[in-house]
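Okay, thanks for coming, everyone. Let me put the model up on the screen and then walk you through it.

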Number of protein chains: 2
Amino acid sequence: MKPVTARCDSVWSVATIRELARLCGVSPATVSRVFNNPEVVNAKTREQVLRTARQIGYLPNESARTLATKKSFMVGLLWDTDHRRPGWRHPFFQEILIGLKTALSGRGYHLLMLATSGEHTDDAYVRAARRHNLDGVVMIDSGTSDPSLRHLAESGVPCVSLDRPVQGPRATYVTSDNVGGARQAVRHLHEQGRQAIATITGPAHTRPGAERLQGYQEELALLRLPYRPEHVAEGDFYVTGGEAAMRRLLETDERPDAVFVAGDEMAVGALRAIAEAGLKVPEDIAVVGFDDIEVAALVPPGLTTIAQDKDGFGAAAAEALVSMINGADAPPARILPTTLVVRGSSTPSI
Amino acid sequence: MKPVTARCDSVWSVATIRELARLCGVSPATVSRVFNNPEVVNAKTREQVLRTARQIGYLPNESARTLATKKSFMVGLLWDTDHRRPGWRHPFFQEILIGLKTALSGRGYHLLMLATSGEHTDDAYVRAARRHNLDGVVMIDSGTSDPSLRHLAESGVPCVSLDRPVQGPRATYVTSDNVGGARQAVRHLHEQGRQAIATITGPAHTRPGAERLQGYQEELALLRLPYRPEHVAEGDFYVTGGEAAMRRLLETDERPDAVFVAGDEMAVGALRAIAEAGLKVPEDIAVVGFDDIEVAALVPPGLTTIAQDKDGFGAAAAEALVSMINGADAPPARILPTTLVVRGSSTPSI
DNA sequence: CATCTCGCTGTAACCGGTTTCATGGACCGT
DNA sequence: ACGGTCCATGAAACCGGTTACAGCGAGATG
């Protein structure tokens, strides 16, 4: 017997359905119908049941309900915030989370942030998800081992992944138009008269990192600007990585006069490195970030950035998930458009 | 019949305990024991059951388990992120959330972010919490109506509230030493030679708002500095409120040479208002914030601030909760110490 | 009046676990 | 050979809902 086991003799969930039924002089089945199919039960009985239920504070037990119906009205969030992998302990996802919660909440679904209960195996999350009869799953940073996740996605559970493609009968993903956004950024810098446009990328193995680099390259080509490998520095999506990457860029033979940074956190680091080098933004170097997280607006001179539709992420994820839960096939991936937000870091006029 | 109801014919939760039992030629009871009291079952049978379980991918159904044991290993998060009340859609709580999740996760508890399922009554959260056999509850911004929350707290469910006192047999709260922190801030400003120290407070009806004001007043008195009501401006804990409040302070007859701002978000707004007025930080006005959220380090010239122990919040909340879940009485409130973090906004030397 | 329909309700099985209690056998000492 | 422990296990009730199916009475129809 585990010593941890608790004694919880509280008034937690008082009345059962049978008790309520007895008080009303009806059968449990009728009470159940009052709550699930109100229209099939006689108006008079229905009222009486509802009244009595209110009086004794009856609340249906969701575990029992889930057991019987196999619907939990819970959506799992697979998000490694701890251990080894840096995960995405990133402000962007924190900002998304609330939107996601709100969107799901509005559709009647709870959001379960799963624990791995100590067992740090690769599929701990997946196992936890399956145990709980989750109606669906949202995955943030599916850095979690691909095999087990694929297993999850392929098992038919509705899955929505953020920023990373998944395959499965009921799986889809939502992401921003990273390529297009990067191109917007480069084009904007070019329109400001910049010629030597460098970039700081995310880790190459991440999807957004790769796509934003691709957009950068595409737009350079389109604008017939030369592509210089030494003007590409890889960061880590965080401030320090951006700072380090910027320093490297500043040491190159031909110093860039603009830099597209594939994440606002890194852009803040870049700003810092530039200031440290005694250079001015935007006069000496223009900077454009990506994400439009809160700091972007707050850090002087104001960070021009490619805004991701953060509320859109949550909304799109919730919508796709719920439609699949209701039996629809997996909708195509949602690629959310990005918006250029011009602030002081790219144009002197502001 | 609701049209929303879904068809989920997937391989979700395949095998039942009886099936596994049959395959092993034992009774369901034995299988159950293998997972819950491994030591009481014969080593040989145990191994065989475990092996077979692995083979067929058996996973116990948590709903059934919860139904039988009344333990869900889930902790509810009561957090109004949406509707009317501005709630605390605040970066500080986003930063805390991850710590909380991690701390609970490490102790084997899942975190359930409850939906109010459309019914925007005051006790929607409370009702939702009770239905789910939650082992405990964490409340962020208990702006949710006091009566229903009190009901919850008094019903014996382990409750931990953040930043707001609660009463109940199994209820406690964790908060920062707001009074002490505010005093640190004022003292620090005084040590920098400032004499006219103003303050921007949080909304008066919030606990942290009130306490930080109190600390400000106490320390002024201790330092024998005059208390001027016109040097107290109320903000809303967000950037815009801080900005507006600062403008008001700048219009007062005797312009302050320092300001203690009861929240970093507001402090950023204050910095902006000061810059707008053509004044310099820290030369003309020194600024000290509260929270030490991420922006504090990033906004020039660096915001001196009173750091709250964000990881400590999550850890303390999880610890208190779990101890109560395990049957302990409510531990006394945890008042976390704050730390002065000196950056450029209060001292020219840095 | 017999029968058919329809609206409402009850009976009972079931969802998938846990747990109490009883039991059977092995082993021990006398 | 016998009674007493102890260990390992099984039978069955239970947790609190849902739901297929059957039944019943009232009103409509032939």
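I'll start with the ground rules, then go through the sheet, the cores and the two DNA strands.

So, ground rules. This is a predicted model, where local features need pLDDT of at least 70, side-chain atom pairs count only at pLDDT 80 or more, and totals for chains, interfaces and linings use all residues. Residues are numbered from 1 along each chain as its sequence is written, chains are lettered from A and ligands numbered from 1 in the order in which they are written, and side-chain values use heavy atoms, leaving out hydrogens and water.

Right, the sheet. Helices (H or I, at least four residues) and strands (E, at least two) are DSSP runs, numbered from the N terminus; two strands pair if DSSP finds at least two bridges between them. Here 12 strands make an open sheet with mixed pairing, and the order is β11(A)-β5(A)-β4(A)-β3(A)-β1(A)-β2(A)-β2(B)-β1(B)-β3(B)-β4(B)-β5(B)-β11(B). What stands at the edges? That's β11 (334-336) of chain A and β11 (334-336) of chain B, each with a single partner strand, so one side of each has no neighbour in the sheet.

Now look at β2(A). With β2 of chain B (residues 110-113), β2(A) pairs in the antiparallel sense over 3 bridges, and A:L111 has B:M113 as its bridge partner there. With β1 of chain A (residues 74-78), β2(A) pairs in the parallel sense over 4 bridges; A:L77 is partnered with A:M113.

In a regular strand the side chains alternate between the two faces of the sheet. For β2(A), both faces are covered: A:H110 and A:L112 on one side, A:L111 and A:M113 on the other, all buried, where buried means under 20% relative accessible area, exposed over 50%, and partly exposed in between (1.4 Å probe, protein chains only).

Next, the cores. A nonpolar core is a set of buried Ala, Val, Leu, Ile, Met, Phe, Trp, Tyr and Cys residues joined through side-chain atoms within 4.5 Å. The largest has 116 residues, and A:L162, A:M246, A:V287, B:L162, B:M246 and B:V287 touch the most other members. There's a second, separate core of 36 residues, including A:V137 and B:M74.

On to the DNA. A residue counts as near a strand if one of its heavy atoms lies within 4 Å of it. How many residues surround DNA strand D? It's 30, with A:I17, A:S32, B:S27, B:T30 and B:T45 the closest. Sugar and phosphate make up 62% of the strand D atoms that come within 4 Å of the protein.

For polar contacts, we want a pair of N or O atoms within 3.5 Å; within protein, one must be able to donate a hydrogen and the other to accept it, and residues adjacent in sequence count only if both atoms are side-chain atoms. The side chain of A:S32 has an N or O atom 2.4 Å from a phosphate oxygen of DNA strand D, and for A:N36 a polar side-chain atom is 2.8 Å from a phosphate oxygen of that strand. By element, α4(A) gives the most to this surface, with 5 residues.

Finally, DNA strand C. There are 29 residues around strand C, and A:T30, A:T45, B:I17, B:S32 and B:N36 come nearest. A backbone N or O atom of B:I17 is 2.5 Å from a phosphate oxygen of strand C. Here the largest share, 5 residues, comes from α4(B).
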